[in-house]
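Visitor: Could you take me in for a close look at one part of this model? I'd like the packing of a helix pair, with a bit of context around it.

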Amino acid sequence: MFGVLDILNLAHAAIFMLAAFVCLSVVLAGYPLIAGLLAAIVAAGLVGVILDRVAFAPLRRRNAGTLVPLISSIGFAMIIEAIARGIYGVNDHQFPSLVRQAPPITLGPVTFTLFDVAILAASIVLMVALAYVMRATKLGREIRAVADDRMAAALLGIDIDRTIALTFFIASALGGAAGVLAGLQYNSVVFDMGGRIELKGLAVIILGGMGSITGAVIGGFILGITETLAVAFISSSWRDAIAFGVMFLILIARPAGLLGRRALRTA
Amino acid sequence: MHELPLLFTRYHTLLDQIGINAILALSLSICLRAGQLALAQAAFMGIAGYVCAIAVVTFGWPLAAAAPIAVGCSAAVGALLALPVERLRGVYLAIATIGFGEIVRIVAYNLQITGGGDGLNGIPPLLSTPWIYGTLLTIGALLYAARNSRFALAQAITREDEAAAAGVGVDTGRVRVVTLACAGAIAGCAGVLYAFTNFFLTPSDFAFGRMEQILVYCVIGGVTSPLGAVLGAAVMTVLPEAFRFLQDFRDVLSGVVLLAVIVFAPGGIAALWRRGARKKPVPRTANA
């Protein structure tokens, strides 16, 4: 979602981390996991709206280009990460083992747990839901209109600020859900966990072509498959180098991303 | 009077950091002047740092021979990097160059000769604060002397409008190659200085986090202003130290200051200065 509004948001990784901590705190307070997940998603969404109000809205009003909002999102991320580090310290936190207990399932040569299936299912549900909202609802149409041409959208009576705030809510809520899922998957929640996804998330979006959700999904799959193949045939320590190398080559061949609609922009 | 040397011993690491960060910020500011959001400064720094340190530590070269070669290497890498990415603009260029930086870091992490993840240890501290500031001043003076040169003008027009630049006979491809080579050389100087004032060099010294910091210095300072980039580096390096009493929360204030400058001072520190001096309208910020 970084791309839909032509904003590169480096605070996304911080929100991802924050959501994992919210979920963890709720679970540790004795509530069920699902309550933690919901709380995390709502909290992430709200922080996303605050992010928009504080770091992006003032810049939008003066048309500051793409570089300056990028930096203000770094500033916002610094604040969130420092708060998390102040509260939770620099150590790894883990979910109580009860939450993660699931029997392994063996299907031919592949072994996985019910838990893996649940995470995969949750990701798919979220992707489908997002695609539905973007394509079939009034809000989705408004978001796409604002993304296409802000001025024209405003002339048609769309409340730009409200639409953008809602977009931030959705994007951040999704990022938050991803943070919780990743925290559960690796069973580790730590203040700098966002760093692990920050660059790759950005790479995926740009690889797919900014502003295209299908592109982002395809970009994600390409990156994931490349990484797996690299681990299988070369070595796990070279995984990221190969993933970024492939990304570099794709960008050279397709300077606007795989599904980028926009023609080359003059810088 | 005897307090001054005392202050120096206490803060000289901080002074060194400011100087090195300022050089890195200058390297990025050169790219931004040409409208190129090329974010490989950390990689250039790492390449030159490693080449120089390996030549001196492993092969016993004198620093005076190794340093120019190392800086030459990072400049050459900059120029070569400009060729494949010539069709990329804006964020696409940014992410491709960030990807390049990650590749360089991972290669350094996996090679034997670089010491892998543990890095290179025992680099002799042959350089010190005067060297850092000497280099910074030299680069600053060169940039100042060249501020109205044909090349600087070609950079400016490439930034504002590439089509117009091509229309008046500016070879924008060449501008990009030379710009990235200069950026590589400047960041390479920073890398050599960093390696030989810090005793060791690890791949994480030039990870994406550092690139992010360099970007912050430039934007806080005022995107295309070299003086602003230096001021930005100084301010953002000192802030976390100044707020040390807040312990783990200290980055909160750095973040707040960063946000405040961006929101309330379009054009960065350099523009505040200019506004204070002459009440001139704020120049347009980068459209990179």
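Guide: Confidence comes before the close-up: chain A has a mean pLDDT (the predictor's confidence in each residue, from 0 to 100) of 78, with 82% of its residues at 70 or more. This is a predicted model, where local features need pLDDT of at least 70 and side-chain atom pairs count only at pLDDT 80 or more, while totals for chains, interfaces and linings use all residues. Residues are numbered from 1 along each chain as its sequence is written, and chains are lettered from A in the order in which they are written.

Now to the pair, helix 2 (residues 41–57) and helix 8 (residues 172–198) of chain B; helices here are DSSP runs of H or I, at least four residues, numbered from the N terminus. Their axes, lines fitted to C-alpha atoms over the stretch in contact, come within 7 Å and cross at roughly 50 degrees, on a scale from 0 to 180 degrees between N-to-C directions. That makes helix 2 of chain B oblique to helix 8 of chain B (not under 35 degrees, over 145, or 65 to 115). The crossing is right-handed, the near helix being turned clockwise from the far one by less than a right angle.

Residues are in contact if their C-beta atoms, placed from the backbone, lie within 7 Å. Helix 2 of chain B brings, among others, B:Phe44, B:Gly46, B:Gly49 and B:Cys52, and helix 8 of chain B answers with residues including B:Gly184, B:Ala187, B:Gly188 and B:Tyr194. The contact's residues divide into twelve nonpolar (Ala, Val, Leu, Ile, Met, Phe, Trp, Tyr, Cys and Pro), six polar (the others, Gly among them) and no charged (Asp, Glu, Lys and Arg).

As for the wider setting, 45 residues of chain B are in contact with 43 residues of chain A. Helix 4 of chain B gives the most to the side of chain B that touches chain A, with 13 residues.

Note on methods. Two residues are in contact if their C-beta atoms, placed from the backbone, lie within 7 Å. Helices (H or I, at least four residues) and strands (E, at least two) are DSSP runs, numbered from the N terminus.
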